[in-house]
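Work through the exercises below with the structure open. Each task is followed by a solution in steps.

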Amino acid sequence: MDYVIVGSGIYGSLVAWELAQAGAGVQVLEADQTAAGASGGIGKRGVRANGRDVRELPLMRMAYERWPSLHEELGGETGFVRCGHLQLIERDRDYLEVEARLWLQRTHGIETELLQADQVHAQEPALNPDIQAALFCPLDGVADHTATTLSAAEAARQAGADIRTGFSVAEIQQSSGRATGVITTDGEEFSADRGVILLSNSSVPHLLQASLGLYLPVWSRYPQVIITGAIPGVTLNHLIGHAHRRLAMKNGPDGSIMISGGWLGKAGPNGRGRPVTDQVAGNWQEAVAVLPGLADATIAAVQADRLESQSVDHIPIIDHAPGLDNLYYATGWSGHGWAIAPAVSRLLAEWILSGRKPEALEPFRFSRF
Ligand SMILES: Cc1cc2nc3c(=O)[nH]c(=O)nc-3n(C[C@H](O)[C@H](O)[C@H](O)COP(=O)(O)OP(=O)(O)OC[C@H]3O[C@@H](n4cnc5c(N)ncnc54)[C@H](O)[C@@H]3O)c2cc1C
């Protein structure tokens with residue numbers, strides 16, 4: 001094979017698709033099954049530029065262009081809906097920061113408006129009347145992450161990639177300054193003539209440390225998601241974030257609301273994460289404060305089962321390994337790697353195929369540390 005890709009989440013699947021479409025021979029090795037990690041699970045994922053790190057805004061501008069037609073490119077569902085994102089403001093002292101962010105996002109070509117209270121409440125009548133204003137990005141939206149990842153993997157297969165599930169990579173093989181393949185935990189070897197690409201999210205730091213002794217300042221977390229029961233009359237028209245509360249909300253399945261925002265579960269006995277009582281209570285309290293109709297709602301599901309990689313400066317590391325130019329990796333998504341995936345995957349594939357690193361990936365190099 002030309003390339004071995006480790007991991008079949010959204011990144012492994014999209015990069016496999018891009019490379020296979022360009023005529024390369026691609027072997028994907030997935031320890032579990034496609035979408036078994038952060039790119040799968042309940043609910044939907046936010047596709048948001050609003051409030052994003054400045055270094056990721058150029059990627060979001062590119063991703064904005066791709067999301068609406070990605071289902072056509074892949075020939076499968078993505079569930080993308082351009083509903084817009086509201087970052088809510090409840091305190092006077094947050095205005096100056098929000099105005100600065102308005103300027104920043106517009107400067108980077110991200111369509112953004114500052115909505116006053118009457119405009120916000122006209123668009124979202126169920127919100128607490130204390131909400132004073134909101135930063136609004138109309139091009140933001142939500143996507144069905146599981147459906148998109150399965151569509152990307154199927155598109156990669158159709159383009160000729162070989163995706164094998166149940167193959168856990170333990171080691172990277174190297175010779176004369178080149179990555180030459182990988183070895184699985186069962187001792188099976190897969191050779192790569194042109195390159196090895198580590199897109200296994202939380203396991204990337206472990207693989208780099210075990211094979212090269214390279215330490216990345218990245219660790220793993222289990223982000224929590226709450227799905228409410230159906231609440232008649234309580235609905236949202238936008239993806240919701242908040243200027244000072246740890247809160248994200250969106251419409252869930254069957255009249256429910258999906259609540260998240262960076263609250264965390266902890267490792268469970270089977271290698272999966274599980275929810276923790278105080279984190280569920282904290283997230284719920286924030287949600288009720290903003291959407292009072294939730295006070296009467298039940299909790300239908302709480303999950304914190306999906307591992308996500310967190311980097312020390314909250315943006316990913318996307319690079320090749322020092323001394324092994326054909327060993328590429330991307331990790332440290334820090335809870336917001338979904339939205340930019342169509343942009344990053346294409347740029348990464350361009351880099352791998354051409355040998356020239358796209359400028360938009362420069363801020364994510366390891367040497368920034
Ligand atoms: C609950 C939750 C909510 C989120 N919300 C948002 C959001 O609203 N917006 C946003 O932009 N982002 C969000 N994110 C982040 C986003 O989902 C992730 O950044 C993104 O899905 C990462 O994709 P990935 O392909 O790198 O990783 P993953 O989907 O985790 O895929 C990695 C794959 O590698 C496999 N693997 C691991 N180790 C090995 C090995 N040794 N050998 C072979 N295979 C291996 C795993 O089984 C897995 O399938 C959220 C994440 C979570 C968990």
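A polar contact is a pair of N or O atoms within 3.5 Å; within protein, one atom must be able to donate a hydrogen and the other to accept it. Keep in mind that the model is predicted.

**Exercise 1.** State how the chain is divided and how far apart the domain centres lie.

Solution. Start with the bounds. Domain 1 covers 3-44 + 146-216 + 313-368, and domain 2 covers 85-138 + 223-305. Next, take the centres over C-alpha atoms: they are 31 Å apart. Domain 1 brings 5 residues to the contact, and domain 2 brings 6 residues.

**Exercise 2.** Describe the interface between domain 1 and domain 2 by area and by polar pairs.

Solution. Begin with area. About 500 Å² is buried between the domains, and carbon and sulfur atoms give 61% of it. Then count pairs: 2 residue pairs are in polar contact across the interface. On the side of domain 1 that touches domain 2, there are 2 nonpolar, 1 polar and 2 charged residues.

**Exercise 3.** Test Asp32 and Arg272 for a salt bridge.

Solution. The cut-off is 4 Å. The closest N and O atoms of Asp32 and Arg272 are 3.8 Å apart, so the pair counts as a salt bridge. The count between domain 1 and domain 2 is 1 salt bridge.

**Exercise 4.** Which residues surround the ligand most closely, and which polar atoms lie by its oxygen atoms?

Solution. The ligand is surrounded by 35 residues; Glu30, Ser39, Gly46, Ser203 and Glu308 are the closest. Take the side chain first: an N or O atom of Glu308 is 2.8 Å from a ligand oxygen. Now the backbone: a polar atom of Ala339 is 2.9 Å from a ligand oxygen, and one of Gly337 is 3.3 Å from a ligand oxygen. Finish with area. The ligand alone exposes 1000 Å², and the protein buries 91% of that.

Terms used
Residues are numbered from 1 along each chain as its sequence is written. This is a predicted model: local features need pLDDT of at least 70, side-chain atom pairs count only at pLDDT 80 or more; totals for chains, interfaces and linings use all residues. Side-chain values use heavy atoms; hydrogens and water are left out. Domain bounds come from an automatic or database domain assignment. Contact means heavy atoms within 4.5 Å. Buried area is the accessible area (1.4 Å probe) that two parts lose on being put together, summed over both. A salt bridge is a side-chain nitrogen of Lys or Arg within 4 Å of a carboxyl oxygen of Asp or Glu. Ala, Val, Leu, Ile, Met, Phe, Trp, Tyr, Cys and Pro count as nonpolar, Asp, Glu, Lys and Arg as charged, and the others, Gly among them, as polar. A residue is near a molecule or strand if one of its heavy atoms lies within 4 Å of it. Accessible areas come from the Shrake-Rupley method with a 1.4 Å probe; for residues, only the protein chains shown count as cover.
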